[in-house]
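Colleague: Please take one part of this structure and describe it closely, together with its surroundings. A first-year student should be able to follow the account step by step.

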Amino acid sequence: MTRTGMVLILAAALSPLASFALDISNRYRSPRNPERKVRASTELIVLHTTEAPARSSLNKLSDRGEAHFCVTEEGSVYAIVDRDREAFHAGRSMWNGKEDVDKFSIGIECVGYHDKPMSSVQLTAVRELVKYLQKMYRIPDERVVCHSHVAYGSPNKWQKRRHRGRKRCGMLFAMPSVRRILQLKARPAFDADTRKGRLTVGDPYLQGVLYGKTDTMVGKCGRAAPASEKAGVSRWIASVLGTAKSAETAKTTKAAGTTKPAVSAKPEASGAPKSIAQLKVQGYVIKGTVSKTVSASKIAGGKWNAPDTYYTIRDKVFSGNTIDDAHIEKGMCVWMKK
């Protein structure tokens, strides 16, 4: 990208919700692409929140092919799974009687949390990506939903029937104040699946957010990023330039027939653990391993999806509040505090 292009993007990003140059990177394109089916239809755009920082989220999404796109806090947009293929982003899901929403939807992960504000840089990127996809697939505003709209839970000891309320993921995207920022003029008026008795309401508060007047983001979203909008965009530009530089270095290294040795970092004792070594340093131990007969909930009980419960497999670490129960794999180790 030229310096002129960078200046244009910087100018657009510094003007809250102004015209935005949408730049989509393939840096985290998923290796799962070839094995994913092409969707027969596209009826929904589903917005998610990662509930985790960008780097760990992008690695997880790419490794497992769990979204079509991911938008970071700095407004970077990464393509994960080809937009016409199925991405395993919705898990156990239902929309208007149709199950397995992955088969007819596009999933966009947004780095952030379901109950915390997002800056104008990120929301501008989300808005432009959504508009681009809406135009391409002719999707009306009311069919731009959040994961909470479609996720549902199986019967368990707390809920006797199948129920809406398994996830609060992406919840803020149902709030009127946020949808106005995204220039979405309509939202789903009611839950057809609870109205028809296919599901029960398992989370009354969430129901009030999705279809009522509960809006905790009024006046909070769309502001400058905590370290200022300019700093956020500068970090984004640095990451784009760094990506290009890394690609060029890798190309040169490959041509020279050399490889750069891996660097072993000392595990940090604080912050969210990103490796098995860090889990051990922070006092986590393996409570059990998921198998055909042993479920995650059997090992961790009601804390199976808690933020301080972790899962590991193939040297990857996932926190409980970011993992989807429909995709918990056999062989996953469940880590909890001693």
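Modeller: An accessible area is computed here by the Shrake-Rupley method, with a probe of 1.4 Å. In this predicted model, the chain exposes about 16900 Å² in that sense, and carbon and sulfur atoms supply 53% of the area. The chain has 338 residues, of which 50% are buried. It holds 10 helices and 15 strands. Of the contacts between residues at least 6 apart in sequence, 70% join residues at least 24 apart.

The part chosen for the close look is strand β7, residues 105-110. A residue counts as buried when its relative accessible area is under 20%. Six of the six residues of β7 are buried, and the strand is therefore largely enclosed by the rest of the structure. In a regular strand the side chains alternate between the two faces of the sheet. In β7, one side carries Ser 105, Gly 107 and Glu 109, while the other carries Ile 106, Ile 108 and Cys 110. Every one of these residues is buried, so both faces of the strand are covered.

The next step concerns the strands that pair with β7. Strand β2, residues 44-49, runs parallel to β7 and is joined to it by six bridges. Within this pairing, Ile 45 stands opposite Ile 106. Strand β3, residues 69-71, is also parallel to β7, and here three bridges make the connection. In that case Cys 70 stands opposite Glu 109 of β7.

Cys 110 belongs to β7 and deserves separate attention. How accessible is Cys 110? Its relative accessibility is 0%, and for that reason it counts as buried. What is Cys 110 in contact with, once neighbours within four places in sequence are set aside? The residues in contact with it are His 48, Thr 49, Thr 50, Val 71, Met 118, Gln 122, Val 126 and Phe 173. One of these, Val 126, lies 16 residues from Cys 110 in sequence, and the C-alpha atoms of the two are 7.9 Å apart in space.

From β7 the view may be widened to helix α2, residues 54-64. The elements that cover the buried residues of α2 include β7, together with β3, β4 (77-79) and β14. Eight of the 11 residues of α2 are buried, so this helix is largely enclosed by the rest of the structure. The buried residues are Ala 54, Ser 57, Leu 58, Lys 60, Leu 61, Ser 62, Asp 63 and Arg 64. An α-helix has 3.6 residues a turn, so residues three or four places apart point the same way. Just after the helix, Gly 65 takes a positive phi of about 60°.

Helix α2 also leads to the largest pocket, since it is one of the elements that each supply at least two residues of the lining; the others are β2, α9 (276-281) and β14 (316-319). Strand β2, the parallel partner of β7, thus appears in this list as well. The greatest contribution comes from α2, with six residues. The pocket holds about 1100 Å³ of space. Its lining consists of 49 residues, and those nearest the centre are Glu 51, Ala 52, Phe 318, Ser 319 and Thr 322. By class, 17 of the lining residues are nonpolar, 17 are polar and 15 are charged.

In summary, β7 is a strand with both faces covered, joined in parallel to β2 and to β3. It helps to cover the buried residues of α2, and α2 in turn gives the most to the lining of the largest pocket.

Key: Residues numbered from 1 in each chain as written. Predicted model: local features only at pLDDT ≥ 70, side-chain atom pairs only at ≥ 80, totals over all residues. Heavy atoms only, no water. Helix = DSSP H or I, 4+ residues; strand = E, 2+ residues; numbered from the N terminus. Buried < 20%, exposed > 50% of the residue type's maximum accessible area, 1.4 Å probe, protein only. Contact = heavy atoms within 4.5 Å. 1 Å grid on protein atoms, 1.4 Å probe; cavity = no way out; pocket = protein on both sides within 12 Å on 5 of 7 lines; lining within 4 Å. Points joined across faces, edges and corners; volume = space filled by probe spheres on them. Nonpolar A, V, L, I, M, F, W, Y, C, P; charged D, E, K, R; others polar. Pairing = 2+ DSSP bridges.
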